[in-house]
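Here's a quick briefing on side-chain packing and charge pairing. Have the sequence and the coordinates open while you read.

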Amino acid sequence: VDLFQMGLTCPSHVLSCVQIEMYKKYVLACLLAFGEFKDLPASTSAVVSKHAERVCHVYKDFAQAFKQGMDQVQRIVADNIKLFNTDKNYGLVKQAVQALVRRKIQRLTSTYVTLSLSDIAVQANLSNPADAEAHVINMIEDGAIFAKINQKDGMLSFLDDPEDYNTVEMVEALDAKLKAIMHLGDKIHAANKDILLDQRFVGLQMQE
């Protein structure tokens, strides 16, 4: 998302073909990362913010459908599958739809303690309980939810996060993350210093 946004916010006098393709992928990346479209920053060139949405209106319709429900999402995909394939974005489209299903299931964990696989299939707009079970198993394996399935009665019990964050392994993991962030900070500081001392940069600043 950040990288596509960088490309779209470059100063522009015209909307380039590269930016059109970036915008399409920006929309899909937003849906994958956040479950919704994020407006471009106010610093975006007017020509991009004005025309990109019009040129890529099918992608904006797809993002809008995420607010309206799975039926509308699937209708947009079915109506525009040829376009998505031509743009070579159909794989991202399918991932975005899967991410929407996962988010629907995750939201159920904050509302219910137990729920049948049939009810999950209905609320997540899945075709049948077996499809719901496959999604749930994948999410449990990924650590996206904590739950157990009772195969006998087809019920799913949502559990609390078993991680209490006080183990030696967790402390080591946090320490490694902090060191990585500090190292990145040092690199950014050094790069900034190099730029400030660069003769070409100083010369340009003096000209301005």
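Helices here are DSSP runs of H or I with at least four residues, strands are E runs of at least two, and both are numbered from the N terminus. This is a predicted model, so to speak of local features we need pLDDT of at least 70, side-chain atom pairs count only at pLDDT 80 or more, and totals for chains, interfaces and linings use all residues. Residue numbers start from 1 along each chain as its sequence is written, and side-chain values use heavy atoms, with hydrogens and water left out.

**Gln-5 and its contacts**

- Gln-5 belongs to helix α1 (residues 2–8).
- With a relative accessible area of 23%, Gln-5 is partly exposed; buried means under 20%, exposed means over 50%, and partly exposed is in between (1.4 Å probe, protein chains only).
- Setting aside neighbours within four places in sequence, Gln-5 is in contact with Tyr-26, Leu-40 and Pro-41, where contact means heavy atoms within 4.5 Å.
- Gln-5 and Leu-40 are 35 residues apart in sequence, yet their C-alpha atoms are 7.2 Å apart in space.

**Aromatic pairs**

- Rings of Phe, Tyr and Trp (its six-membered ring) pair if their centres lie within 6.5 Å; planes under 30 degrees apart are stacked, over 60 edge-to-face, and the rest tilted.
- By this rule there are five aromatic pairs.
- Tyr-23 and Phe-37 make a tilted pair, because their ring centres are 6.2 Å apart and their planes sit at 55 degrees.
- That pair links distant parts of the chain, 14 residues apart: Tyr-23 is in helix α2 (residues 17–34), and Phe-37 is in the loop between α2 and α3 (46–55).
- Both rings belong to buried residues, with Tyr-23 at 4% relative accessibility and Phe-37 at 17%.
- Phe-62 and Phe-66 form an edge-to-face pair, at 5.3 Å centre to centre and 75 degrees between the planes.
- Phe-62 is buried at 0% relative accessible area, and Phe-66 is buried at 10%.
- Phe-62 and Phe-66 also join Tyr-59 and Phe-84 in one aromatic cluster.

**Charges over rings**

- A charge sits over a ring if NZ of Lys or CZ of Arg is within 6 Å of the ring centre and within 35 degrees of the ring normal.
- The charged end of Lys-60 sits over the ring of Phe-37, 4.5 Å from its centre.
- Lys-38 lies over the face of Phe-34, at 5.2 Å from the ring centre.

**The two sides of α5**

- Helix α5 (residues 70–79) has Met-70, Val-73, Ile-76 and Val-77 as its buried residues.
- These buried residues are on the same side of α5, because they cover an arc of only 125 degrees around the axis; the arc is that of the directions from the helix axis to the C-beta atoms.
- Turned away from that buried side is a face carrying the exposed residues Asp-71, Ala-78 and Asp-79.
- The cover over the buried residues of α5 includes α4 (57–65), α6 (81–86) and α7 (90–108).

**Salt bridges**

- A salt bridge needs a side-chain nitrogen of Lys or Arg within 4 Å of a carboxyl oxygen of Asp or Glu.
- A search of the whole structure turns up eight salt bridges.
- Lys-60, the residue over the Phe-37 ring, also bridges to Glu-53, with the closest N and O atoms 3.4 Å apart.
- In that bridge, Lys-60 is buried at 15% relative accessibility, while Glu-53 is partly exposed at 38%.
- Arg-102 and Asp-142 meet in a salt bridge at 3.3 Å, N to O.
- This bridge links distant parts of the chain, with Arg-102 in helix α7 and Asp-142 in helix α9, 40 residues apart.
- Arg-102 counts as partly exposed at 25% relative accessibility, and Asp-142 counts as exposed at 53%.
- Lys-179 and Asp-175 meet at 3.2 Å, N to O, and both lie in helix α10 (residues 168–197), four residues apart, about one turn of the helix.
- Glu-21, Lys-24 and Asp-87 are joined into one network by salt bridges that share partners.

**A buried charge without a partner**

- Glu-133 sits in helix α9 (residues 129–142).
- Glu-133 is buried yet has no salt bridge, and the nearest side chain of opposite charge, Lys-148, is 15 Å away; for charges, Lys and Arg count as positive and Asp and Glu as negative, while His and the chain ends are not counted.
- Not counting residues up to four places away in sequence, Glu-133 touches Leu-117, Ile-149 and Gln-151.
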